[in-house]
Amino acid sequence: MPFNKTEVDIHTDYALQAVDPAWLAQGVKSPKHLMLDPEPCILCRACEDVCPWNCIFMLDPGIVQRTGDEALEAEVENSFAIFVVDDNACTRCSVCVDRCPTDTLYYARLPEDAGGRRTMAEVPLSQAASE
């Protein structure tokens, strides 16, 4: 049977309508966030370079001010870099995940007990591999 291409006329087959900004603000983004497992990371910064939205940053740990939060200070003290993602700018396009040579980056929901705070290398319970 031969293939017949269906003709589509954009002037008659589609109706152009304005998009309601409130609808767009309701959550067109995925509920998953860009996460980083620091163990395999080689600090090549390829994710930072390839991001089309410029929302990934690897920063020097020396920029963190001492706050008295011992857990945060211990985490920063043992770090070579601080991985920061601007979630408001990130579109979840996965270019950085595809570009990473060590499969360090992945998408996951924030851990259930994190209260909206993302901790390095903390895998959400729903994403953790069962043993």
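This passage describes the internal cavities and a nonpolar surface patch of the structure, which is a predicted model.

A search of the whole structure finds two cavities of 30 Å³ or more. The largest cavity encloses about 80 Å³ of space, and its lining comprises 14 residues, among which C41, C44, C47, M58 and C100 lie nearest the centre of the cavity. When the lining of this largest cavity is divided by class, eleven residues are nonpolar, two are polar and one is charged.

The second largest cavity holds about 50 Å³ of space. Its lining is formed by L34, C51, P52, W53, C55, I56, C90, T91, C93, V95, C96 and Y107, a set in which eleven residues are nonpolar, one is polar and none is charged. Several cysteines contribute to this lining, including C51, C55, C90, C93 and C96, while cysteines such as C41, C44, C47 and C100 are found among the residues nearest the centre of the largest cavity.

On the surface, F57, L59, I63 and V84 together make a nonpolar patch of about 300 Å². Of these residues, F57 belongs to strand β2, which spans residues 56-59. With a relative accessible area of 34%, F57 is classed as partly exposed, and because patches are made of residues with over 30% relative accessible area, this value places F57 above the cut-off for patch membership.

Definitions and conventions
Residues numbered from 1 in each chain as written. Predicted model: local features only at pLDDT ≥ 70, side-chain atom pairs only at ≥ 80, totals over all residues. Heavy atoms only, no water. Patch = residues over 30% accessible without salt bridge, like charges linked within 9 Å, V, L, I, M, F, W, Y side chains within 5 Å. Areas by Shrake-Rupley, 256 points an atom, 1.4 Å probe, with all protein chains shown as cover. Salt bridge = Lys/Arg side-chain N within 4 Å of Asp/Glu carboxyl O. Helix = DSSP H or I, 4+ residues; strand = E, 2+ residues; numbered from the N terminus. Buried < 20%, exposed > 50% of the residue type's maximum accessible area, 1.4 Å probe, protein only. 1 Å grid on protein atoms, 1.4 Å probe; cavity = no way out; pocket = protein on both sides within 12 Å on 5 of 7 lines; lining within 4 Å. Points joined across faces, edges and corners; volume = space filled by probe spheres on them. Nonpolar A, V, L, I, M, F, W, Y, C, P; charged D, E, K, R; others polar.
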